Amino acid sequence: MKNVVLTLVEVRSELTKRLAKNYLITLDNLQPADIPKVVYTSFDGDLLSYSEIMKQLVLRRNLTPLNPESALGTYLVVNHYKGNKAEIIRDCIALLSRCDYFWVVSNLNITKPENLITRLPEGVVIEAMYWMKYINQKISVLNLNDSRRLTSIT
């Protein structure tokens, strides 16, 4: 990989040529507090067909959705690592560790902590364990059958 050195002045000069002035003003006024928090959505791979719905549910709460399937591409990751789950989980954890919230999205009615570890796939449980050990004890569970309700589990 080759490093390219650019200055902020050079980048801004190029953007001035490409973007309308009001966009640049908006960017200049953008503060860290204006950036939406990121939600890591963890789910059973059998629910992959619902991933767009999950993203919309996160966006409706003015948050930014992130999940490994969207960010990494399941097919690419599985083929790249030849099915080595430990390597795939490491990539998932790399994404998870940069998020503000951890949601387990399920079509099961999970309201008790023990249901989280007994009824979900090992990948989801490993992500939950990492989150609880290193980031936050609080996990939110979103039931796809009742998307208005977000349950907290500690």
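Lys85 counts as exposed, at 53% relative accessibility. The model described here is predicted. Lys85 lies in helix H6. Its separation from Lys112 is 27 residues in sequence and 27 Å in space, taken from C-alpha to C-alpha. Exposure is assigned above a cut-off, and Lys85 passes because exposed means over 50% relative accessible area.

A second exposed position is Asn62, with a relative accessible area of 65%. Asn62 sits in the loop between H3 and S2. Its phi is positive, about 60°, although Asn62 is not a glycine. For context, most residues other than glycine have a negative phi.

The strands were examined next. Strand S1 spans residues 38–43. Five of the six residues of S1 are buried, so this strand is largely enclosed by the rest of the structure. The chain leaves S1, passes through helix H3 (residues 51–59) and arrives at S2. This β-α-β crossover is right-handed. S1 and S2 (residues 64–66) pair in the parallel sense, over three bridges. Within this pairing, Val39 stands opposite Pro65 in S2.

S1 also pairs with strand S3, which covers residues 101–106. The two strands run parallel and are joined by five bridges. Here Phe43 stands opposite Val105 in S3. S3 in turn is joined to S4 by four bridges, again in the parallel sense. Trp103 stands opposite Ser140 in S4.

Strand S4 comprises residues 139–143. Five of its five residues are buried. Both faces of S4 are therefore covered, with buried meaning under 20% relative accessible area. One side carries Ile139, Val141 and Asn143. The other side carries Ser140 and Leu142.

Attention then turned to the pockets. The largest pocket holds about 580 Å³ of space. It is lined by 25 residues. Closest to its centre are Glu69, Ile88, Ile89, Cys92 and Gly123. By class, the lining has 13 nonpolar, seven polar and five charged residues.

Several elements contribute to this lining. S1, helix H4 (68–72), helix H5 (74–80), helix H6 (85–96) and helix H8 (122–135) each supply at least two residues. H8 gives the largest share, five residues. S1 thus has two roles in this description: a lining element of the largest pocket and a pairing partner of S2 and S3.

Cys92, one of the residues closest to the pocket centre, was also considered for disulfide bonding. The structure holds zero disulfides. The closest cysteine sulfur to that of Cys92 belongs to Cys99 and is 11 Å away, too far for a bond. The converse also holds: the closest cysteine sulfur to that of Cys99 is in Cys92, at 11 Å. No bond is assigned to this pair because a disulfide needs the two sulfur atoms within 2.5 Å. Both cysteines are nevertheless buried. Cys92 has a relative accessible area of 7%, and Cys99 has a value of 8%.

Technical notes. Residues are numbered from 1 along each chain as its sequence is written. This is a predicted model: local features need pLDDT of at least 70, side-chain atom pairs count only at pLDDT 80 or more; totals for chains, interfaces and linings use all residues. Side-chain values use heavy atoms; hydrogens and water are left out. On a 1 Å grid over the protein atoms alone, a cavity is a set of points where a 1.4 Å probe fits but cannot get out, and a pocket is an open set with protein on both sides within 12 Å along at least five of seven lines; lining residues have an atom within 4 Å of a point. Grid points are joined across faces, edges and corners, and a volume is the space filled by probe spheres set on the points. Ala, Val, Leu, Ile, Met, Phe, Trp, Tyr, Cys and Pro count as nonpolar, Asp, Glu, Lys and Arg as charged, and the others, Gly among them, as polar. Buried means under 20% relative accessible area, exposed over 50%, partly exposed in between (1.4 Å probe, protein chains only). Two strands pair if DSSP finds at least two bridges between them. A crossover is right-handed if, with the strands pointing away from the viewer, the path from the first strand over the helix to the second runs clockwise.
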